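Student: Could you walk me through how to read helix packing and buried residues in a model like this one?
Tutor: Sure, let's have a look together.

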Amino acid sequence: MSQTNETVKQNTATGNKAGIRVKTIAFVGLMGAVSAVLMLLRFPIPFMPPFLSFDLSGVMEMLGGYMFGPAAAFCIIIVKILLQLVIQGTYSLGTGELQNLILSSCYVMPALLIYHWKKTKKTAAAGMAVSTVLVSVVAVFTNLYMIIPFYVNLFGMTMDDIISMCTAVNPAMKDAVSMAVLGILPFNLIKYGATSILTFLLYKRLSKFIRGIIER
């Protein structure tokens with residue numbers, strides 16, 4: 001009789017684990033979908049390069065990573081990019097999507113690795129601060145050496161044409177260096193800084209709610 005009870009308990013535990021796994025996968029997919037919607041709501045920031053757009057899609061990626069780990073965060077990034085391709089297609093033959101993958105990974109992964117090393121509010125804040133600076137620097141290089149050259153060649157433009165677009169919204173951006181220092185870098189610091197602050201404010205509330213549903 002005791003052996004039968006033990007078997008029942010083991011089967012119940014196995015069923016519970018399977019149910020939690022399924023619910024976790026469902027939430028990862030849902031967070032990827034929400035991230036894609038947030039990316040569709042992007043908009044430019046005044047006085048910043050007009051080819052850059054602000055969005056908060058990284059909030060879902062970071063939240064998912066904090067709740068379920070780095071692998072889940074990467075899956076959310078992939079779902080977001082694939083859904084964007086389905087909804088909008090690509091205007092850059094995949095170059096923009098590649099940059100999105102690089103920047104999202106550069107933003108999310110360092111913060112999650114720091115946080116999972118020591119799970120405290122201080123390490124969470126420190127990790128997101130490190131990630132914000134890192135991704136902002138990486139964005140300078142991906143824009144200058146990947147995205148901008150691609151569009152220049154694709155549309156028969158020159159770097160001077162790109163700089164002129166930036167000068168029109170901010171006269172201080174007169175060349176590639178000033179565009180990077182006064183445009184691309186601060187834009188990404190603002191974008192990912194805002195994403196980090198919002199993530200920090202939402203994490204505890206949302207994580208309790210979501211974990212309550214998953215473990216029910």
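Student: At roughly what angle do H4 and H7 cross, and how close do the axes come?
Tutor: Here's the general idea: two packed helices are described by the angle between their axes and the distance between the axes. In this predicted model, the axes of H4 and H7 cross at roughly 40° and come within 13 Å. That angle makes H4 oblique to H7. The crossing is right-handed.

Student: Which residues of H4 and H7 meet there?
Tutor: From H4 you have Leu103, Tyr107 and Tyr115, and they meet Tyr192, Thr195, Ser196 and Tyr203 of H7. Sorted by class, this contact has five nonpolar and two polar residues, and no charged ones.

Student: Let's try another pair. At about what angle do H3 and H4 pack?
Tutor: H3 and H4 pack at about 160°, with axes 9 Å apart. Angles over 145 degrees count as roughly antiparallel, so H3 is roughly antiparallel to H4. H3 passes H4 in a right-handed crossing. The H3 side of this contact includes Phe74, Ile78, Ile81 and Leu85, and the H4 side includes Leu101, Val108, Met109 and Leu112. The contact residues of H3 and H4 divide into eleven nonpolar, five polar and two charged.

Student: And how are H2 and H3 arranged?
Tutor: H2 covers residues 58-68 and H3 covers residues 70-88; they pack at an angle of about 150°, and their axes are 7 Å apart. H2 and H3 are therefore roughly antiparallel to each other. Their crossing is right-handed. H2 brings Met60, Glu61, Gly64, Gly65 and Phe68 to the contact, while H3 brings Pro70, Ala72, Ala73, Ile76, Ile77 and Lys80. By class, the contact of H2 with H3 has seven nonpolar, two polar and two charged residues.

Student: Is H2 mostly covered or mostly open?
Tutor: Mostly covered: ten of the eleven residues of H2 are buried. Among them are Val59, Met62, Leu63, Tyr66 and Met67.

Student: What does Tyr66 touch, leaving out residues up to four places away in sequence?
Tutor: With those set aside, Tyr66 touches Ala111, Leu112, Tyr115, His116, Ala124, Met128, Thr199, Tyr203 and Arg211.

Student: Which residues touch the most other members of the largest nonpolar core?
Tutor: As background, in soluble globular proteins, nonpolar side chains tend to be buried together. Here the largest nonpolar core has 29 residues, and Met31, Met62, Leu63, Tyr66 and Tyr107 touch the most other members. The elements giving two or more residues to this core are H1 (2-40), H2, H3, H4 (95-117), H5 (121-154) and H7 (176-214). H4 gives the most, with eight residues. Apart from this core lies another one, of 15 residues, with Met48, Phe54, Val140 and Ile162 among its members.

Student: What about a single residue, say Thr95: buried or exposed?
Tutor: A residue counts as buried when its relative accessible area is under 20%. Threonine 95 has a relative accessible area of 13%, so it is buried. Thr95 has its place in helix H4. Not counting residues up to four places away in sequence, Thr95 touches Met146, Ile147 and Phe150.

Student: And Phe47, is that buried or exposed?
Tutor: Exposed counts as over 50%, and phenylalanine 47 has a relative accessible area of 59%, so it is exposed. Phe47 lies in the loop between H1 and H2.

Student: What sign does phi have in phenylalanine 47?
Tutor: Generally, most residues other than glycine have a negative phi. Phe47 has a positive value, near 70°, and it is a residue other than glycine. A glycine with a positive phi turns up too: Gly69, just after H2, has a phi of about 105°.

Student: Now let's zoom out. How many helices and strands does the chain have?
Tutor: The chain has seven helices and zero strands. The C-alpha trace spans about 80 × 35 × 25 Å along its principal axes. Of the 216 residues, 41% count as buried. Finally, take the contacts with a separation of 6 or more: residues 24 or more positions apart account for 74% of them.

Notes: Residues numbered from 1 in each chain as written. Heavy atoms only, no water. Axes fitted to C-alpha atoms, helices over the stretch in contact; angles between N-to-C directions. Helix = DSSP H or I, 4+ residues; strand = E, 2+ residues; numbered from the N terminus. Parallel < 35°, antiparallel > 145°, perpendicular 65-115°, else oblique. Left-handed = near helix turned anticlockwise from the far one by under 90°. Contact = heavy atoms within 4.5 Å. Nonpolar A, V, L, I, M, F, W, Y, C, P; charged D, E, K, R; others polar. Core = buried A, V, L, I, M, F, W, Y, C linked by side-chain atoms within 4.5 Å. Buried < 20%, exposed > 50% of the residue type's maximum accessible area, 1.4 Å probe, protein only.
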